[in-house]
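The exercises below ask how cavities, pockets and ligands are arranged in a predicted model. Each task is followed by a solution that goes step by step.

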Amino acid sequence: MLHENLAEIPVIKKIDETRQGEVFQAIESETPVSGKHFYIESYGCAMNFSDSEVVAAILQTEGFSATKSIEEAALIFINTCSIREKAEQTVRQRLTTFRKAKEANPGLLIGVLGCMAERLKTKFLEEEKLVDIVVGPDAYRSLPAVIAEAKGGQKSVNVLLSREETYADLSPVRLDSNGVSAFVSIMRGCNNMCTFCVVPFTRGRERSRNAHSILKECRELFEKGYREVILLGQNVDSYYWQPENQDENPVTFASLLEQVAGIAPLLRVRFSTSHPKDITDEVLWTMAAHHNICKNIHFPVQSGSTRVLERMNRTYTREWYMHRVQRIREILPDCGLSTDVITGFCGETEEEHADTLSLMKEMCFDYAYMYFYSERPGTLAARRYTDDVPEDVKKRRLQEVIEIQNQSSRSVYAGDVGKVWEVLIEGESKRSADDWHGRNTQNKMVVFAKGNFGLKKGEYAQVLIEKATQGTLIGRIVDQ
Ligand code: SAM
Ligand code: SF4
Ligand code: F3S
């Protein structure tokens, strides 16, 4: 997969297409349409998509329902990403399109949400005169008040970060959902200080959501027919929730996984993202013990060079990373493994880059999200180091990383031919109404003929893999 600028979490097709913070997804809710409409576009990582569903829940209480039509909307929101410069440029381009909508409908309010709102704060209003509302990721509860203020003709901003906010009590309104798979946010913010990364500044301190509310949300999803929950956090392994009632035990990520898996054997559980320094054997053993916890770990390495990892402040070495992968493969021999890589980080030499290439070859990841380094203002790297690798070198190195990954993906996918995988049906294949598409436990996309088996979306099929491309397995149903 080409990803000069992808964010995270390759979970469902919708997100594969939107991870870049470039390709947007206009979304529509399942709820009935009322007189007042909002239009929302989300960019960036799954966390942002999940947040848009929280925003939709808040707007719904104000009588708004989602629309896919800009012309129909009284409010336009763009939920933004700051992870790389390109992601921000895309947002600015979209805002010029919205300007035209505002010219045609002067009463229209335009709001910027998410990480770019947090990074730029009031500066946004100076730079983009047409924007009426700027609200950061921890301030969505204030949207009704902010909208009222903006309706009164005042530009309105709330970018306060919080140490507590997890939106635990809100029931997200599922937007543009396939009705099978849903994101469930389990924590917010990040306490790691990877020097390249803007997230700790845009999302604030890490906090874990009340485990009871997570379980309740997952149970409700299952009751509504969903068959997969994707637990989201920037560093899920550091999930830790201490109940107020001291008699209750604290909940770790391993125990949370176990409890969510216990809701129903037919409910698949996925999660993202794992941090190499924090993933525990306990989590791996919990995955091994439950058939419905998907055997797939997104495990961003960022670089194969210990010296670069040190400058990135990732707090692990190349050897540590490789050792953790070895442990994953010991405990979960059939586990899918994917990663994120950055090329051309500050001071990266050819030798250090060669270390990334050799690690990629050795690990043979299923897939990877690969980017060249983009300096973000205010980050530790921007303050400490010089962004001294020329852009053409960054891009050439990225291309080399992509080529190795393409070879790995081809060989991993080809290795599935002849295997039978259990596939959760997500919907009809885009190419043919005679075919289903879904994913196996390793998060690989599988396409297969519906045949006369009478299966439905949200059900499981046993599929014998007969062919493979670099990113898709093709097979037929067996043993139903
Ligand atoms: N929390 C996750 C982790 O620790 O791996 C990932 C978070 S970030 C939203 C997703 C990916 O974007 C990172 O893994 C990294 O590869 C990439 N990324 C972050 N900052 C970047 C930057 N300044 N330039 C290029 N890529 C970046
Ligand atoms: Fe960014 Fe590092 Fe936190 Fe991931 S763990 S969000 S890369 S600071
Ligand atoms: Fe996600 Fe982009 Fe923010 S990757 S956390 S939306 S900076």
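**Exercise 1.** Determine which space ligand 2 takes, and describe the residues around this ligand.

*Solution.* Begin with the location: ligand 2 takes the space of the largest cavity. Next, list its surroundings, which consist of C190, N192, C194, F196, C197, V199, P200, Q234, H275 and R314. Finally, sort this shell by class, which gives 6 nonpolar, 3 polar and 1 charged residues.

**Exercise 2.** Characterise the largest cavity by its volume, its lining and the elements that contribute to that lining.

*Solution.* The search of the whole structure finds 5 cavities of 30 Å³ or more, and the largest cavity has a volume of about 580 Å³. Its lining comprises 37 residues, of which I83, F196, C197, V199 and Q234 are the closest to its centre. To assign the lining to secondary structure, take the elements that give two or more residues, namely α7 (199-203), β16 and β17; of the contributions to this lining, that of α7 is the greatest, with 4 residues. The division by class is 20 nonpolar, 12 polar and 5 charged residues. Comparing this list with the surroundings of ligand 2, one finds F196, C197, V199 and Q234 both among the residues closest to the centre of the cavity and in the shell of that ligand.

**Exercise 3.** Work out where ligand 1 is placed, which residues come nearest to it, and what polar contacts its nitrogen atoms make.

*Solution.* The first step is again the location, and the space that ligand 1 takes is the largest cavity. The elements that give two or more residues to the shell around ligand 1 are β16 (336-343) and β17 (367-372), and these two strands also appear among the contributors to the lining of the cavity. The second step concerns individual residues: 17 lie around ligand 1, and R84, Q234, Q302, D340 and S374 come nearest. By class, this shell holds 9 nonpolar, 4 polar and 4 charged residues.

The third step is to look at distances, for which the cut-off for a polar contact is 3.5 Å. An N or O atom in the side chain of R84 is 2.9 Å from a nitrogen atom of ligand 1. Backbone N or O atoms are involved in two further cases, with that of F196 at 3.0 Å from a nitrogen atom of the ligand and that of Q234 at 2.9 Å from a nitrogen atom of the ligand. As for exposure, ligand 1 on its own has 560 Å² of accessible area, and the protein covers 96% of this.

**Exercise 4.** Locate ligand 3 and describe its shell.

*Solution.* Ligand 3 sits in the largest cavity. There are 10 residues around it, with C45, N48, C81, S82 and C115 coming nearest, and by class the shell has 6 nonpolar, 3 polar and 1 charged residues.

**Exercise 5.** Describe the second largest pocket, and identify which class of residue is most frequent in its lining.

*Solution.* The second largest pocket contains about 220 Å³ of space. Its lining has 12 residues, and those closest to its centre are E85, K86, F372, S374 and E391. Two elements give two or more residues, α3 (85-104) and α15 (391-414), and the largest share, 3 residues, comes from α3. Sorting by class gives 2 nonpolar, 2 polar and 8 charged residues, and the charged class is therefore the most frequent. One residue links this pocket to an earlier exercise, since S374 is among the residues closest to the pocket centre and also among those nearest to ligand 1.

Note on methods. Residues numbered from 1 in each chain as written. Chains lettered and ligands numbered in written order. Predicted model: local features only at pLDDT ≥ 70, side-chain atom pairs only at ≥ 80, totals over all residues. Heavy atoms only, no water. Near = heavy atom within 4 Å. Polar contact = N/O pair within 3.5 Å; in protein donor to acceptor, adjacent residues only side chain to side chain. Areas by Shrake-Rupley, 256 points an atom, 1.4 Å probe, with all protein chains shown as cover. 1 Å grid on protein atoms, 1.4 Å probe; cavity = no way out; pocket = protein on both sides within 12 Å on 5 of 7 lines; lining within 4 Å. Sits in = over half its atoms within 2 Å of the grid points. Points joined across faces, edges and corners; volume = space filled by probe spheres on them.
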